[in-house]
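Here's a quick tour of a protein model and its ligand. Have the viewer open as you read.

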Amino acid sequence: MTALVLVLNAGSSSLKYQLVDADTGAVAAVGLLERIGESEARAVARHTVLGVTTTREADVPDHAAAIALVLEAFTTHGPALTATSLTAVGHRVVHGGDRFRSPALLDGQVIAAIEDLVPLAPLHNPANLAGIRAAQAAFPDTPQVAVFDTAFHQSLPPHAYTYAVPRVWRERHRVRRYGFHGTSHAYVSRRTAVLLGRDPAEVNVVVLHLGNGASAAAVQGGVCIDTSMGLSPLEGLVMGTRPGDLDPALPTHLARQGVSLADYDHALQSDSGLRGLTGTNDFREIIARVDAGDPDAELALDIVSYRLAKYVGSYAVALGRLDALAFTAGIGENAPRLRAEVIGRLGLLGMRLDVARNDSGPPERVITSEDSAIPAWVVPTNEELEIARQTAALTVSPPASP
Ligand code: ADP
(Lines give C-alpha, C1' and ligand atoms only; values in the text may rest on other atoms or scores of the structure.)
Protein backbone atom coordinates (compact mmCIF):
# COMPACT_ATOMS: atom_id res chain seq x y z
CA MET A 1 0.00 0.00 0.00
CA THR A 2 1.34 3.45 -0.82
CA ALA A 3 1.31 6.16 1.83
CA LEU A 4 0.31 9.42 0.17
CA VAL A 5 1.02 12.30 2.53
CA LEU A 6 0.14 15.97 2.10
CA VAL A 7 3.06 17.88 3.63
CA LEU A 8 2.19 21.42 4.74
CA ASN A 9 4.67 24.12 5.72
CA ALA A 10 2.72 27.17 6.88
CA GLY A 11 4.63 30.43 7.37
CA SER A 12 3.17 33.72 8.53
CA SER A 13 2.33 34.85 4.99
CA SER A 14 3.01 31.73 2.97
CA LEU A 15 1.92 28.13 2.62
CA LYS A 16 4.10 25.52 0.90
CA TYR A 17 2.81 22.05 0.19
CA GLN A 18 3.77 18.79 -1.44
CA LEU A 19 1.81 15.63 -2.06
CA VAL A 20 4.42 12.91 -1.53
CA ASP A 21 4.45 9.14 -1.66
CA ALA A 22 6.30 8.40 1.57
CA ASP A 23 7.37 4.95 0.33
CA THR A 24 8.86 5.87 -3.04
CA GLY A 25 9.54 9.59 -2.53
CA ALA A 26 7.55 10.33 -5.72
CA VAL A 27 6.11 13.85 -5.65
CA ALA A 28 2.56 13.99 -7.07
CA ALA A 29 2.13 17.78 -6.74
CA VAL A 30 3.99 20.82 -5.37
CA GLY A 31 2.56 24.21 -4.54
CA LEU A 32 3.22 27.55 -2.94
CA LEU A 33 0.96 30.39 -1.84
CA GLU A 34 2.56 33.72 -1.04
CA ARG A 35 1.24 37.00 0.41
CA ILE A 36 -1.47 35.41 2.56
CA GLY A 37 -3.25 38.09 4.60
CA GLU A 38 -1.46 41.03 2.95
CA SER A 39 -3.90 43.86 2.40
CA GLU A 40 -1.89 45.70 -0.25
CA ALA A 41 -1.38 42.75 -2.61
CA ARG A 42 -3.36 39.72 -3.72
CA ALA A 43 -2.01 36.29 -2.91
CA VAL A 44 -0.20 34.37 -5.63
CA ALA A 45 -0.77 30.60 -5.81
CA ARG A 46 1.37 28.17 -7.81
CA HIS A 47 0.45 24.52 -8.26
CA THR A 48 2.70 22.12 -10.20
CA VAL A 49 1.65 18.68 -11.42
CA LEU A 50 3.74 16.57 -13.81
CA GLY A 51 6.00 19.52 -14.54
CA VAL A 52 3.13 21.85 -15.49
CA THR A 53 2.69 24.92 -13.27
CA THR A 54 -0.51 26.92 -13.04
CA THR A 55 -0.50 30.32 -11.36
CA ARG A 56 -3.41 32.36 -10.11
CA GLU A 57 -3.97 35.41 -7.98
CA ALA A 58 -6.72 35.59 -5.37
CA ASP A 59 -7.73 37.37 -2.19
CA VAL A 60 -6.52 35.08 0.58
CA PRO A 61 -7.16 36.73 3.97
CA ASP A 62 -6.01 33.80 6.14
CA HIS A 63 -4.75 30.22 6.25
CA ALA A 64 -8.29 28.77 6.04
CA ALA A 65 -8.76 30.58 2.73
CA ALA A 66 -5.30 29.38 1.66
CA ILE A 67 -6.19 25.73 2.33
CA ALA A 68 -9.47 26.21 0.43
CA LEU A 69 -7.45 27.47 -2.55
CA VAL A 70 -5.09 24.49 -2.31
CA LEU A 71 -8.06 22.09 -2.35
CA GLU A 72 -9.46 23.90 -5.37
CA ALA A 73 -6.11 23.56 -7.17
CA PHE A 74 -6.09 19.81 -6.50
CA THR A 75 -9.68 19.49 -7.74
CA THR A 76 -9.07 21.55 -10.88
CA HIS A 77 -5.55 20.47 -11.85
CA GLY A 78 -5.26 17.15 -10.02
CA PRO A 79 -4.41 14.79 -8.62
CA ALA A 80 -7.82 14.42 -6.93
CA LEU A 81 -7.47 14.44 -3.15
CA THR A 82 -10.13 11.88 -2.39
CA ALA A 83 -10.38 10.59 1.13
CA THR A 84 -9.12 7.18 0.04
CA SER A 85 -5.90 8.33 -1.63
CA LEU A 86 -4.71 10.68 1.12
CA THR A 87 -3.21 8.74 4.03
CA ALA A 88 -2.29 11.63 6.29
CA VAL A 89 -1.35 15.30 6.54
CA GLY A 90 2.12 16.13 7.88
CA HIS A 91 2.75 19.61 9.28
CA ARG A 92 6.13 21.23 9.71
CA VAL A 93 6.13 22.82 13.17
CA VAL A 94 9.15 24.94 14.06
CA HIS A 95 9.29 24.69 17.85
CA GLY A 96 8.57 21.60 19.90
CA GLY A 97 10.52 22.84 22.96
CA ASP A 98 11.79 20.07 25.24
CA ARG A 99 8.36 18.43 25.07
CA PHE A 100 8.67 16.72 21.66
CA ARG A 101 11.53 14.36 20.88
CA SER A 102 9.65 12.84 17.94
CA PRO A 103 6.67 13.60 15.70
CA ALA A 104 3.23 13.72 17.33
CA LEU A 105 -0.24 12.77 16.17
CA LEU A 106 -2.20 16.00 16.44
CA ASP A 107 -4.90 16.12 19.09
CA GLY A 108 -6.12 18.78 21.51
CA GLN A 109 -3.24 18.20 23.92
CA VAL A 110 -0.55 18.44 21.26
CA ILE A 111 -2.10 21.61 19.87
CA ALA A 112 -2.21 23.12 23.38
CA ALA A 113 1.48 22.22 23.82
CA ILE A 114 2.40 23.92 20.50
CA GLU A 115 0.47 26.99 21.71
CA ASP A 116 2.34 26.92 25.01
CA LEU A 117 5.60 27.10 23.03
CA VAL A 118 4.61 30.31 21.17
CA PRO A 119 6.82 32.50 23.46
CA LEU A 120 9.84 30.50 22.21
CA ALA A 121 8.87 30.85 18.51
CA PRO A 122 6.62 33.91 18.32
CA LEU A 123 6.92 34.26 14.54
CA HIS A 124 6.64 30.61 13.55
CA ASN A 125 4.44 28.54 15.89
CA PRO A 126 1.32 30.76 15.44
CA ALA A 127 1.61 30.39 11.65
CA ASN A 128 2.10 26.62 11.98
CA LEU A 129 -1.01 26.47 14.22
CA ALA A 130 -3.07 28.43 11.71
CA GLY A 131 -2.10 25.87 9.05
CA ILE A 132 -2.96 22.98 11.39
CA ARG A 133 -6.39 24.38 12.26
CA ALA A 134 -7.25 25.09 8.63
CA ALA A 135 -6.14 21.59 7.55
CA GLN A 136 -8.08 19.93 10.37
CA ALA A 137 -11.23 21.74 9.24
CA ALA A 138 -10.57 20.75 5.61
CA PHE A 139 -9.66 17.08 6.33
CA PRO A 140 -11.57 16.20 9.52
CA ASP A 141 -11.24 12.44 9.00
CA THR A 142 -7.56 12.32 7.95
CA PRO A 143 -4.87 11.77 10.60
CA GLN A 144 -2.58 14.78 11.01
CA VAL A 145 0.94 14.80 12.40
CA ALA A 146 3.24 17.56 13.67
CA VAL A 147 6.90 17.12 12.72
CA PHE A 148 9.10 19.47 14.76
CA ASP A 149 12.24 21.27 13.55
CA THR A 150 13.65 20.97 17.05
CA ALA A 151 12.92 17.27 17.72
CA PHE A 152 16.08 15.78 16.18
CA HIS A 153 18.17 17.93 18.55
CA GLN A 154 16.41 16.80 21.72
CA SER A 155 19.11 14.12 22.04
CA LEU A 156 21.76 16.77 22.83
CA PRO A 157 23.45 16.04 26.16
CA PRO A 158 23.04 18.65 28.94
CA HIS A 159 26.62 19.90 28.50
CA ALA A 160 25.78 20.81 24.88
CA TYR A 161 22.35 22.36 25.43
CA THR A 162 22.82 24.22 28.73
CA TYR A 163 23.84 27.89 28.64
CA ALA A 164 25.90 29.16 31.58
CA VAL A 165 23.24 31.66 32.69
CA PRO A 166 21.27 32.11 35.93
CA ARG A 167 19.09 29.19 37.00
CA VAL A 168 15.93 31.34 36.94
CA TRP A 169 16.44 32.04 33.21
CA ARG A 170 16.98 28.36 32.50
CA GLU A 171 14.01 27.18 34.55
CA ARG A 172 11.38 29.89 34.34
CA HIS A 173 12.16 31.21 30.85
CA ARG A 174 13.13 27.85 29.30
CA VAL A 175 16.46 29.30 28.11
CA ARG A 176 18.61 26.55 26.53
CA ARG A 177 19.86 25.40 23.14
CA TYR A 178 17.04 23.84 21.11
CA GLY A 179 18.44 23.85 17.56
CA PHE A 180 16.46 23.96 14.30
CA HIS A 181 16.52 22.48 10.76
CA GLY A 182 16.16 19.10 12.51
CA THR A 183 14.27 17.36 9.69
CA SER A 184 16.98 18.35 7.23
CA HIS A 185 19.81 17.23 9.53
CA ALA A 186 18.00 13.92 10.15
CA TYR A 187 17.47 13.28 6.44
CA VAL A 188 20.94 14.33 5.28
CA SER A 189 22.88 12.52 8.04
CA ARG A 190 21.03 9.26 7.33
CA ARG A 191 21.35 9.69 3.57
CA THR A 192 25.09 10.34 3.89
CA ALA A 193 25.55 7.04 5.74
CA VAL A 194 23.57 5.25 3.01
CA LEU A 195 25.76 6.88 0.34
CA LEU A 196 28.83 5.67 2.24
CA GLY A 197 27.31 2.19 2.10
CA ARG A 198 27.21 1.99 5.89
CA ASP A 199 24.68 1.56 8.67
CA PRO A 200 23.64 5.05 9.93
CA ALA A 201 23.96 3.72 13.49
CA GLU A 202 27.74 3.40 12.93
CA VAL A 203 28.48 6.64 11.13
CA ASN A 204 29.57 10.01 12.59
CA VAL A 205 28.80 12.93 10.32
CA VAL A 206 28.81 16.71 10.45
CA VAL A 207 25.99 18.21 8.37
CA LEU A 208 26.24 21.81 7.14
CA HIS A 209 22.76 23.05 6.17
CA LEU A 210 23.56 26.28 4.32
CA GLY A 211 20.48 28.06 3.01
CA ASN A 212 19.21 31.51 3.90
CA GLY A 213 19.17 30.16 7.43
CA ALA A 214 22.23 28.03 8.17
CA SER A 215 23.14 25.52 10.84
CA ALA A 216 25.62 22.74 11.56
CA ALA A 217 24.88 19.48 13.34
CA ALA A 218 27.15 16.81 14.80
CA VAL A 219 25.46 13.42 14.39
CA GLN A 220 26.92 10.38 16.14
CA GLY A 221 25.53 7.06 14.93
CA GLY A 222 22.24 8.70 13.92
CA VAL A 223 21.95 10.65 17.20
CA CYS A 224 22.46 14.43 17.20
CA ILE A 225 24.94 15.48 19.90
CA ASP A 226 25.42 19.17 19.06
CA THR A 227 24.04 21.86 16.77
CA SER A 228 24.88 25.49 16.09
CA MET A 229 21.47 27.17 16.36
CA GLY A 230 20.40 27.76 19.93
CA LEU A 231 17.44 29.20 21.81
CA SER A 232 16.57 30.83 18.51
CA PRO A 233 17.74 30.39 14.91
CA LEU A 234 20.07 33.40 15.34
CA GLU A 235 22.99 31.60 16.94
CA GLY A 236 25.88 29.87 15.20
CA LEU A 237 26.87 30.26 11.57
CA VAL A 238 26.84 33.45 9.51
CA MET A 239 23.53 33.36 7.58
CA GLY A 240 21.77 35.32 4.83
CA THR A 241 20.52 38.08 7.11
CA ARG A 242 21.43 36.85 10.62
CA PRO A 243 24.84 37.19 12.26
CA GLY A 244 25.29 33.90 14.09
CA ASP A 245 27.55 33.95 17.17
CA LEU A 246 28.01 37.33 18.86
CA ASP A 247 29.28 38.78 22.11
CA PRO A 248 26.33 38.69 24.58
CA ALA A 249 27.31 42.23 25.66
CA LEU A 250 26.12 43.61 22.33
CA PRO A 251 22.50 44.49 23.30
CA THR A 252 23.54 46.41 26.43
CA HIS A 253 26.36 48.17 24.56
CA LEU A 254 23.97 49.29 21.82
CA ALA A 255 21.21 50.21 24.30
CA ARG A 256 23.66 52.63 25.92
CA GLN A 257 24.22 54.15 22.47
CA GLY A 258 20.45 54.68 22.10
CA VAL A 259 19.57 51.70 19.86
CA SER A 260 16.08 50.45 20.74
CA LEU A 261 15.29 46.79 21.38
CA ALA A 262 13.00 46.76 18.33
CA ASP A 263 15.77 48.13 16.07
CA TYR A 264 18.27 45.68 17.57
CA ASP A 265 15.95 42.75 16.93
CA HIS A 266 15.20 43.85 13.38
CA ALA A 267 18.88 44.35 12.58
CA LEU A 268 19.82 40.88 13.81
CA GLN A 269 16.93 39.17 11.99
CA SER A 270 17.01 41.06 8.71
CA ASP A 271 20.06 43.30 8.22
CA SER A 272 22.99 41.23 9.46
CA GLY A 273 24.82 38.19 8.11
CA LEU A 274 25.74 38.29 4.41
CA ARG A 275 23.42 41.25 3.88
CA GLY A 276 25.09 43.20 6.68
CA LEU A 277 28.53 42.46 5.24
CA THR A 278 27.84 42.98 1.53
CA GLY A 279 24.38 44.52 1.07
CA THR A 280 22.91 41.32 -0.39
CA ASN A 281 21.98 37.89 0.94
CA ASP A 282 22.01 36.32 -2.54
CA PHE A 283 25.05 34.07 -2.47
CA ARG A 284 25.24 33.93 -6.30
CA GLU A 285 25.74 37.68 -6.36
CA ILE A 286 28.39 37.48 -3.63
CA ILE A 287 30.37 34.88 -5.61
CA ALA A 288 30.11 37.01 -8.76
CA ARG A 289 31.44 39.97 -6.77
CA VAL A 290 34.29 37.86 -5.33
CA ASP A 291 35.23 36.92 -8.91
CA ALA A 292 35.22 40.64 -9.78
CA GLY A 293 37.57 41.42 -6.84
CA ASP A 294 35.04 43.18 -4.57
CA PRO A 295 36.75 43.43 -1.12
CA ASP A 296 33.47 43.31 0.89
CA ALA A 297 32.42 40.11 -0.86
CA GLU A 298 35.91 38.59 -0.38
CA LEU A 299 35.81 39.38 3.34
CA ALA A 300 32.29 37.91 3.62
CA LEU A 301 33.43 34.66 1.99
CA ASP A 302 36.40 34.52 4.38
CA ILE A 303 34.20 35.14 7.43
CA VAL A 304 31.62 32.54 6.40
CA SER A 305 34.15 29.82 5.54
CA TYR A 306 36.27 30.51 8.63
CA ARG A 307 33.21 30.20 10.90
CA LEU A 308 32.18 26.99 9.15
CA ALA A 309 35.63 25.44 9.49
CA LYS A 310 35.73 26.35 13.21
CA TYR A 311 32.42 24.54 13.73
CA VAL A 312 33.51 21.47 11.79
CA GLY A 313 36.74 21.32 13.81
CA SER A 314 34.96 21.62 17.13
CA TYR A 315 32.32 19.05 16.13
CA ALA A 316 35.05 16.61 15.05
CA VAL A 317 36.39 16.90 18.60
CA ALA A 318 32.86 16.44 20.05
CA LEU A 319 32.26 13.35 17.90
CA GLY A 320 35.63 11.78 18.68
CA ARG A 321 35.80 10.42 15.12
CA LEU A 322 34.49 12.00 11.93
CA ASP A 323 33.43 9.72 9.05
CA ALA A 324 32.01 12.31 6.65
CA LEU A 325 31.16 15.97 6.13
CA ALA A 326 27.92 16.76 4.24
CA PHE A 327 26.97 20.02 2.52
CA THR A 328 23.28 20.71 1.87
CA ALA A 329 20.58 23.37 1.11
CA GLY A 330 20.69 26.23 -1.43
CA ILE A 331 24.27 27.39 -0.79
CA GLY A 332 25.68 24.05 0.39
CA GLU A 333 24.42 22.29 -2.73
CA ASN A 334 25.16 25.02 -5.28
CA ALA A 335 28.23 27.00 -4.22
CA PRO A 336 31.42 25.01 -5.02
CA ARG A 337 33.56 28.04 -4.21
CA LEU A 338 32.37 28.09 -0.59
CA ARG A 339 32.81 24.31 -0.22
CA ALA A 340 36.35 24.65 -1.57
CA GLU A 341 37.16 27.42 0.94
CA VAL A 342 35.82 25.36 3.86
CA ILE A 343 37.63 22.15 2.91
CA GLY A 344 40.78 24.19 2.24
CA ARG A 345 40.70 25.24 5.91
CA LEU A 346 40.36 21.63 7.13
CA GLY A 347 43.83 20.35 6.24
CA LEU A 348 44.43 19.43 9.89
CA LEU A 349 41.68 16.80 9.54
CA GLY A 350 43.44 15.43 6.44
CA MET A 351 40.66 16.60 4.13
CA ARG A 352 41.56 17.16 0.47
CA LEU A 353 39.26 18.61 -2.17
CA ASP A 354 38.85 17.09 -5.63
CA VAL A 355 38.33 20.24 -7.71
CA ALA A 356 36.62 18.51 -10.65
CA ARG A 357 34.19 16.57 -8.44
CA ASN A 358 33.46 19.71 -6.45
CA ASP A 359 32.77 21.81 -9.54
CA SER A 360 30.30 19.48 -11.25
CA GLY A 361 28.63 16.10 -11.15
CA PRO A 362 25.41 14.45 -10.07
CA PRO A 363 23.45 16.17 -7.26
CA GLU A 364 24.61 13.56 -4.71
CA ARG A 365 28.38 13.20 -4.92
CA VAL A 366 31.64 12.96 -3.04
CA ILE A 367 33.80 16.08 -3.58
CA THR A 368 37.05 15.06 -1.88
CA SER A 369 39.91 13.09 -3.45
CA GLU A 370 40.62 9.40 -2.84
CA ASP A 371 43.49 10.29 -0.45
CA SER A 372 41.31 12.55 1.71
CA ALA A 373 41.30 11.19 5.27
CA ILE A 374 37.60 12.10 5.59
CA PRO A 375 35.21 12.34 2.63
CA ALA A 376 33.01 15.38 2.05
CA TRP A 377 29.73 14.99 0.18
CA VAL A 378 27.08 17.13 -1.42
CA VAL A 379 23.74 15.67 -0.31
CA PRO A 380 20.63 17.59 -1.42
CA THR A 381 18.19 17.88 1.45
CA ASN A 382 14.57 16.75 1.19
CA GLU A 383 12.66 18.02 4.21
CA GLU A 384 9.27 17.27 2.64
CA LEU A 385 10.13 13.60 2.11
CA GLU A 386 11.45 13.36 5.67
CA ILE A 387 8.20 14.90 7.02
CA ALA A 388 6.16 12.53 4.81
CA ARG A 389 8.12 9.50 6.07
CA GLN A 390 7.84 10.50 9.71
CA THR A 391 4.12 11.19 9.24
CA ALA A 392 3.54 7.86 7.51
CA ALA A 393 5.49 6.02 10.21
CA LEU A 394 3.00 7.32 12.80
CA THR A 395 -0.19 6.89 10.81
CA VAL A 396 0.15 3.86 8.54
CA SER A 397 -0.33 0.62 10.42
CA PRO A 398 2.04 -2.13 9.29
CA PRO A 399 0.42 -4.97 7.33
CA ALA A 400 -0.95 -7.70 9.61
CA SER A 401 1.43 -10.65 9.80
CA PRO A 402 0.13 -13.78 8.08
P1 ADP B 1 15.92 28.83 2.55
O2 ADP B 1 15.14 27.55 2.27
O3 ADP B 1 16.61 28.85 3.88
O4 ADP B 1 15.20 30.09 2.22
P5 ADP B 1 17.65 27.90 0.39
O6 ADP B 1 18.07 26.57 0.91
O7 ADP B 1 16.70 27.95 -0.77
O8 ADP B 1 17.15 28.85 1.54
O9 ADP B 1 19.00 28.69 -0.03
C10 ADP B 1 18.97 30.02 -0.44
C11 ADP B 1 20.40 30.49 -0.71
O12 ADP B 1 20.98 29.63 -1.70
C13 ADP B 1 20.50 31.91 -1.25
O14 ADP B 1 21.56 32.59 -0.60
C15 ADP B 1 20.86 31.70 -2.72
O16 ADP B 1 21.61 32.77 -3.23
C17 ADP B 1 21.70 30.44 -2.61
N18 ADP B 1 21.83 29.79 -3.93
C19 ADP B 1 20.85 29.23 -4.67
N20 ADP B 1 21.35 28.78 -5.85
C21 ADP B 1 22.68 29.08 -5.85
C22 ADP B 1 23.77 28.91 -6.77
N23 ADP B 1 23.56 28.33 -7.96
N24 ADP B 1 24.99 29.34 -6.41
C25 ADP B 1 25.20 29.92 -5.22
N26 ADP B 1 24.23 30.13 -4.30
C27 ADP B 1 22.99 29.73 -4.61
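## A tyrosine to start with

Does Y187 count as buried or exposed? This is a predicted model, and in it Y187 has a relative accessibility of 9%. The cut-off for buried is under 20%, so Y187 counts as buried.

To find Y187, go to helix α6, which covers residues 182-195. While you're there, look across to V379: Y187 and V379 are 192 residues apart in sequence, yet their C-alpha atoms are 9.5 Å apart in space.

## Where the ligand sits

Now for the ligand, which sits in the second largest pocket. Two elements give two or more residues each to the shell around the ligand: α10 (283-291) and α12 (329-334). The largest share is from α12, with four residues.

Here's the full cast around the ligand: G211, N212, G213, N281, D282, F283, R284, A329, G330, I331 and N334. By character, that shell splits into six polar, three nonpolar and two charged residues.

## Backbone contacts and burial

Zoom in on the ligand's oxygen atoms and you'll run into some protein backbone. A polar backbone atom of G330 is 2.9 Å from a ligand oxygen, and for N281 a polar backbone atom is 3.1 Å from a ligand oxygen. I331 joins in too, with a backbone N or O atom 3.4 Å from an oxygen of the ligand.

As for how covered the ligand is, taken alone it exposes 590 Å², and the protein buries 65% of that.

Terms used:
Residues are numbered from 1 along each chain as its sequence is written. This is a predicted model: local features need pLDDT of at least 70, side-chain atom pairs count only at pLDDT 80 or more; totals for chains, interfaces and linings use all residues. Side-chain values use heavy atoms; hydrogens and water are left out. A residue is near a molecule or strand if one of its heavy atoms lies within 4 Å of it. A polar contact is a pair of N or O atoms within 3.5 Å; within protein, one must be able to donate a hydrogen and the other to accept it, and residues adjacent in sequence count only if both atoms are side-chain atoms. Accessible areas come from the Shrake-Rupley method with a 1.4 Å probe; for residues, only the protein chains shown count as cover. On a 1 Å grid over the protein atoms alone, a cavity is a set of points where a 1.4 Å probe fits but cannot get out, and a pocket is an open set with protein on both sides within 12 Å along at least five of seven lines; lining residues have an atom within 4 Å of a point. A molecule sits in a cavity or pocket if more than half of its atoms lie within 2 Å of its grid points. Ala, Val, Leu, Ile, Met, Phe, Trp, Tyr, Cys and Pro count as nonpolar, Asp, Glu, Lys and Arg as charged, and the others, Gly among them, as polar. Buried means under 20% relative accessible area, exposed over 50%, partly exposed in between (1.4 Å probe, protein chains only).
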